[in-house]
Amino acid sequence: MTEVPELPTVWRPRVTRIVAYTTAGVVVVTLAVLAVVVAPQFGLSDRVFIVAFGLFVAWVLHMFARCRVVAEESGITVVNAFRTRRFEWPEVLDVSMAEGEPWPTLDLADGTSTSAMGINGTEKALAARQLAELKALLRVRGETPDPH
């Protein structure tokens, strides 16, 4: 049985963040250099647009890299790419992640579910540990009885 982690606890993917921020840096630098060396018939507005596009791509990559799941005394905060949701412990009934799924799903008391992109299934060992820790916290803090 997994030990219950101390609160607050933050789970976030490692590889996703490294890849996203590295790619963002490469894109911004490449497009900035391109804006400087592009053919003379391209005006200032074209060059600004090239750099702005690179910054937009970097922003989108940042939104994916910022994903995390935060467990605190009062509940869970799920920060996905473009949406942040806050749940009290009794609102989260279960968390599951089937083999091959990109991230776990939180089953909620209102009958809906939400993805938790902060735990990334591609990082198998890390994701399994993070999922086990979150399940342990749900057993202790949630209102659903422990099935074991």
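This passage walks through the fold of the protein chain, beginning with the whole and moving on to its helices.

The model described here is predicted. Three helices and seven strands make up the secondary structure of the protein chain. Read from the N terminus, these elements follow the order β-α-α-β-β-β-β-β-β-α. The protein chain is more spread out than a compact globule, because its radius of gyration is 20 Å, well over the 15 Å that the globule rule gives for 148 residues. In keeping with the topic of overall dimensions, the C-alpha trace spans about 70 × 30 × 25 Å along its principal axes.

Turning to the surface and the interior, buried residues account for 36% of the 148 residues in the protein chain. The accessible surface amounts to about 8700 Å², and carbon and sulfur atoms contribute 63% of this area. Charged side chains number 14 positive and 16 negative, with 8 Å between the centres of the two sets. As for contacts between residues at least 6 apart in sequence, 48% of them join residues at least 24 apart.

A convenient place to start along the chain is the segment before strand 1 (9-11), where Pro8 is located. The peptide bond leading from Leu7 to Pro8 is cis, with omega near -5°. For context, most peptide bonds are trans.

Helix 1 (15-37) comes up next. The end C-alpha atoms of helix 1 are 33 Å apart, which agrees with the 33 Å that its 23 residues should span at 1.5 Å a residue. Its buried residues are Ala20, Ala24, Val27, Leu31 and Ala35, and the buried residues of helix 1 pack against helix 2. Thr22 also has its place in helix 1. This threonine has a relative accessibility of 47%, so Thr22 counts as partly exposed, a class that lies between the cut-offs of 20% and 50%. Thr22 and Phe53 are 31 residues apart along the chain, and their C-alpha atoms are separated by 17 Å.

The partner helix can be described in a similar way. Helix 2 covers residues 44-65, 22 residues in total, and reaches 31 Å from its first C-alpha to its last, close to the 32 Å expected at 1.5 Å a residue. Within helix 2, the residues Arg47, Ile50, Gly54, Ala58, Met63 and Ala65 are buried. Helix 1 is included in what covers these buried residues of helix 2.

That leaves helix 3, which runs over residues 124-141 and contains Lys124. Its 18 residues should span 26 Å at 1.5 Å a residue, and the end C-alpha atoms are 25 Å apart, which agrees. Lys124 counts as exposed because its relative accessibility is 56%, over the 50% cut-off. From Lys124 to Leu108 the C-alpha to C-alpha distance is 24 Å, with their positions 16 residues apart in sequence. Further along helix 3, the buried residues are Leu126, Ala127, Gln130, Leu131, Glu133, Leu134, Ala136, Leu137 and Leu138. The cover over these buried residues includes strand 1, strand 2 (68-72), strand 3 (75-79), strand 5 (92-96) and strand 6 (105-108).

Put side by side, the packing of the helices reads as follows: the buried residues of helix 1 pack against helix 2, while the cover of the buried residues of helix 3 includes several strands, among them strand 1 and strand 6.

Technical notes: Residues numbered from 1 in each chain as written. Predicted model: local features only at pLDDT ≥ 70, side-chain atom pairs only at ≥ 80, totals over all residues. Heavy atoms only, no water. Helix = DSSP H or I, 4+ residues; strand = E, 2+ residues; numbered from the N terminus. Rg over C-alpha atoms; globule rule 2.2 N^0.38 Å. Buried < 20%, exposed > 50% of the residue type's maximum accessible area, 1.4 Å probe, protein only. Contact = heavy atoms within 4.5 Å. Areas by Shrake-Rupley, 256 points an atom, 1.4 Å probe, with all protein chains shown as cover. Lys, Arg positive; Asp, Glu negative; His and termini not counted. Charge placed at Lys NZ, Arg CZ, Asp CG, Glu CD. Expected span 1.5 Å × (residues − 1).
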